[in-house]
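Reader: I would like a close look at one part of this model, with the rest of the chain as background. Please keep the account plain.

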Amino acid sequence: MGKGKYFVGQKKGVYLAVRIFLVFLFVFAIAFFLWCLMYVNEADDQAKEYEARIERLSDDVEQLKYLVDAPLDDAYKIRIAREKLGMCFPDEIIFYTEVN
């Protein structure tokens with residue numbers, strides 16, 4: 001019979017502590033969710049950048065495979081001499097342009 005009188009004030013303190021704990025838990029959950037959302041967006045952006053880089057490198061690999069598989073005929077030698085060594089035939093006319 002007498003026990004109910006002694007625990008009346010303690011229940012209010014416990015309820016207050018539980019409410020404060022739930023509020024902090026709710027705020028933490030929202031902050032954690034927003035942090036995770038930002039992290040996922042950054043990871044998605046980075047994945048898109050990597051996919052674009054892979055695409056560019058795949059194109060470069062295909063071009064290099066073509067060059068490796070190309071026969072070593074006169075046309076190949078002339079193209080390499082023009083592109084890599086900057087050579088030309090003696091009877092060719094060369095035009096220079098300034099590119100800014």
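The part I have in mind is the residue R82: is R82 buried, partly exposed or exposed, and what is its relative accessible area?

Author: The model is a predicted one, and what follows should be read in that light. R82 is partly exposed, and its relative accessible area is 38%.

The side chain of R82 takes part in a salt bridge with that of E92, with an N to O distance of 2.5 Å. This pair links distant parts of the chain: R82 belongs to helix α3, while E92 is in the segment after α3 (74-83), and the two are 10 residues apart. E92 is partly exposed as well, with a relative accessibility of 30%. Both values fall between the 20% under which a residue counts as buried and the 50% over which it counts as exposed, so R82 at 38% and E92 at 30% are each placed in the middle class.

A search of the whole structure gives 2 salt bridges. Besides the pair of R82 and E92, there is a salt bridge between K48 and D44, whose closest N and O atoms are 3.8 Å apart. Here both residues sit in helix α2, separated by 4 residues, or about one turn of the helix. K48 is exposed, at 52% relative accessible area, whereas D44 is partly exposed at 38%. The 52% of K48 is over the 50% limit, so K48 counts as exposed.

Now for the background. The protein has 3 helices and 0 strands, and its pattern along the sequence reads α-α-α. Of its 100 residues, 3% count as buried. The accessible surface comes to about 10200 Å², and carbon and sulfur atoms account for 66% of that area.

Helix α2 covers residues 8-69, with F21 among them. F21 is exposed, with a relative accessible area of 54%, and contributes to a nonpolar surface patch of about 1200 Å². Other members of this patch include V14, V18, L22, L25, F28 and F32, as well as W35, M38, Y39 and V40. F21 can be a member because a patch takes residues with over 30% relative accessible area and no salt bridge, and the 54% of F21 is over that limit.

A negative surface patch is made up of E55, D59, D60 and E62. D59 is also located in helix α2, and its relative accessibility of 44% makes D59 partly exposed. That 44% is likewise over the 30% that a patch requires, so D59 meets the area condition.

Last, the cysteines. The structure holds 0 disulfides. C36 is partly exposed, with a relative accessible area of 25%, and C88 is also partly exposed, at 39%.

To return to the part you asked about: R82 is a partly exposed residue of 38% relative accessible area, and its side chain meets that of E92 in a salt bridge joining helix α3 to the segment after α3.

Notes:
Residues are numbered from 1 along each chain as its sequence is written. This is a predicted model: local features need pLDDT of at least 70, side-chain atom pairs count only at pLDDT 80 or more; totals for chains, interfaces and linings use all residues. Side-chain values use heavy atoms; hydrogens and water are left out. A disulfide is a pair of cysteine sulfur atoms within 2.5 Å. Buried means under 20% relative accessible area, exposed over 50%, partly exposed in between (1.4 Å probe, protein chains only). Patches are made of residues with over 30% relative accessible area and no salt bridge: like charges are joined within 9 Å, nonpolar side chains (Val, Leu, Ile, Met, Phe, Trp, Tyr) within 5 Å. Accessible areas come from the Shrake-Rupley method with a 1.4 Å probe; for residues, only the protein chains shown count as cover. A salt bridge is a side-chain nitrogen of Lys or Arg within 4 Å of a carboxyl oxygen of Asp or Glu. Lys and Arg count as positive and Asp and Glu as negative; His and the chain ends are not counted. The place of a charge is taken as NZ of Lys, CZ of Arg, CG of Asp or CD of Glu.
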